[in-house]
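Work through the exercises below with the sequence and the structure side by side. Try each task before reading its solution.

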Amino acid sequence: MPTTTIPATTDSAIARRINAVVAALEPELIEVRRYIHAHPEPARMEHGTTRYLADRLRAAGLAPRLLEGTGLAVNIGADPRERGRRRIGLRGDLDALPVRETTGLPFASTREGFAHACGHDIHTTALYGAALTLKALDDAGELPVGVRCIFQPAEEVQPGGAEAAIDQGVLDGVEQIYALHCEPKVDVGKVGSRIGAITAASDTLTITVTSDGGHTSRPHLTGDVVFSLGQLITQLPAVLGRRLDPRAGVNLTWGAVHAGRAPNAIPASGSVSGTLRCLDGRAWQRAAKVIQESAVQVVAPYGVDIELNYVRGIPPVVNEERAVRTFDAAAKDVIGPDAVVLTEQSLGGEDFAWYLTRIPGALVRLGTRTPGGPSYDLHRGDIVFDERAIAVGARLLARTAVLAGDGAAEHARVG
């Protein structure tokens with residue numbers, strides 16, 4: 001695993017200072033990441049990770065506030081109200097996935113069946129590094145803005161941890177918010193950004209079909225649950241393409257179907273579960289109603305009853321233009337002039353979206369692929385992230401907070 005520093009070029013004194021601080025911290029950051037990686041905890045169970053980070057932040061002279069359950073937030077710099085200045089938010093996420101790790105790394109997961117297969121250990125450590133860097137700037141009188149670092153739990157589940165964190169006041173007094181997400185198909189040292197929607201809305205649904213059941217030799221005497229499920233599986237995604245604007249990128253994909261056990265018995269119940277993803281927020285608002293109406297119509301001829309359990313998940317992450325320009329300018333300052341690449345909108349979901357329904361901000365993709373090395377998909381048990389991305393992320397988050405706070409976004413340009 002490479003551990004050498006990604007070189008950066010900048011003419012800004014504050015950017016040079018950020019790079020120097022992070023370079024000195026990099027061995028510690030790798031140590032922190034490897035500990036978190038080896039001790040993954042699933043959503044809302046991140047108790048050990050929370051304690052570990054809180055202890056390290058306190059040892060660095062900061063005063064983290066524990067959130068209810070799991071997660072924490074920490075302020076850096078004096079209260080902006082005392083200075084007439086602003087507060088900027090930075091967010092990372094703590095939870096791991098119920099995935100078995102197969103990397104064979106010396107710091108691989110020690111908890112069978114759980115792994116940091118989405119890179120949240122990278123996000124968390126980059127944010128921790130940014131917090132320590134901003135603390136160093138503040139101690140030197142060089143931090144022009146108050147910053148709140150939010151270590152959020154439960155990003156991987158629905159409903160996620162963002163809404164609960166917001167309810168606990170993590171955005172109080174925060175003017176803008178920024179976050180990173182690992183991108184294992186982009187080389188380390190590159191940052192993928194996009195103005196507007198960068199992820200999709202994501203909901204989950206389960207349709208349960210019931211009837212009296214009966215013998216497969218007499219399907220005309222009962223509602224055929226299995227046949228009805230088959231109609232839902234094939235027809236409902238097709239109906240959505242005619243009821244919702246196709247430009248909205250609506251995608252309904254089934255992940256589980258359960259019905260019966262005997263080949264000669266029509267079961268009395270069965271279910272199908274899946275996810276609905278949508279690139280457009282307006283179509284997302286309509287989707288649940290359309291699915292309910294259409295599901296009833298699809299099975300109407302077959303004499304069965306249905307129940308829809310539709311769990312509204314998250315809207316798309318919609319990046320605000322000035323926030324993206326700030327991120328891009330920061331990347332060029334502390335990584336290099338060619339650091340920023342345009343990224344596509346993904347059908348993946350991210351509950352960072354809820355923060356952006358309250359205040360402006362942006363999420364960018366942090367390259368984690370070793371140049372010339374293999375590409376991975378997220379959520380795979382064998383995924384390996386280039387650890388040099390940790391320092392890149394810490395530099396990027398720290399510089400973004402400073403730029404956002406001193407108003408340099410007005411002069412940022414997208415190259």
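**Exercise 1. Confidence**

What is the mean pLDDT of the chain, and what percentage of its residues reach 70 or more?

Solution. The mean is 93, and 93% of the residues reach 70 or more. pLDDT is the predictor's confidence in each residue, from 0 to 100. Over residues 408–415 the value stays under 50. For that stretch the model has 14 contacts beyond four places in sequence, a contact being heavy atoms within 4.5 Å.

Ground rules: this is a predicted model, local features need pLDDT of at least 70, side-chain atom pairs count only at pLDDT 80 or more, and totals for chains, interfaces and linings use all residues. Residues are numbered from 1 along each chain as its sequence is written, and side-chain values use heavy atoms, with hydrogens and water left out.

**Exercise 2. A helix pair**

Describe how α1 and α10 cross, then list the contact.

Solution. Step one: locate the helices (DSSP runs of H or I, at least four residues, numbered from the N terminus). α1 spans residues 13–38 and α10 spans residues 388–406.

Step two: take the axes, lines fitted to C-alpha atoms over the stretch in contact, with angles from 0 to 180 degrees between N-to-C directions. They come within 8 Å and cross at roughly 140°. The pair is therefore oblique. Angles under 35 degrees count as roughly parallel, over 145 as roughly antiparallel, 65 to 115 as roughly perpendicular and the rest as oblique.

Step three: list the residues. α1 supplies Ile14, Ala15, Ile18, Asn19, Val22, Glu26, Leu29, Ile30 and Arg33. α10 supplies Arg388, Ile390, Ala391, Ala394, Arg395, Ala398, Arg399 and Val402.

**Exercise 3. The open sheet**

What is the strand order of the eight-stranded open sheet, and which strands stand at its edges?

Solution. Strands are DSSP runs of E, at least two residues; two of them pair if DSSP finds at least two bridges between them. The order is β1-β2-β4-β3-β5-β16-β6-β15, with mixed pairing. β1 (65–66) and β15 (340–342) are the edges; each has a single partner strand, so one side of each lacks a neighbour in the sheet.

Now look inside. β3 (residues 87–93) and β4 (residues 146–152) run parallel, joined by seven bridges. Arg91 has Ile150 of β4 as its bridge partner. Helix α4 (residues 120–139) packs on the sheet, and its direction makes about 150° with that of β3.

**Exercise 4. The partners of β8**

How many bridges join β8 to β12, and how many to β13?

Solution. β8 (residues 201–210) shares 10 bridges with β12 (residues 269–278), running antiparallel. Here Val209 stands opposite Gly270. β8 and β13 (residues 305–314) are also antiparallel, with eight bridges. Thr206 is partnered there by Asn309.
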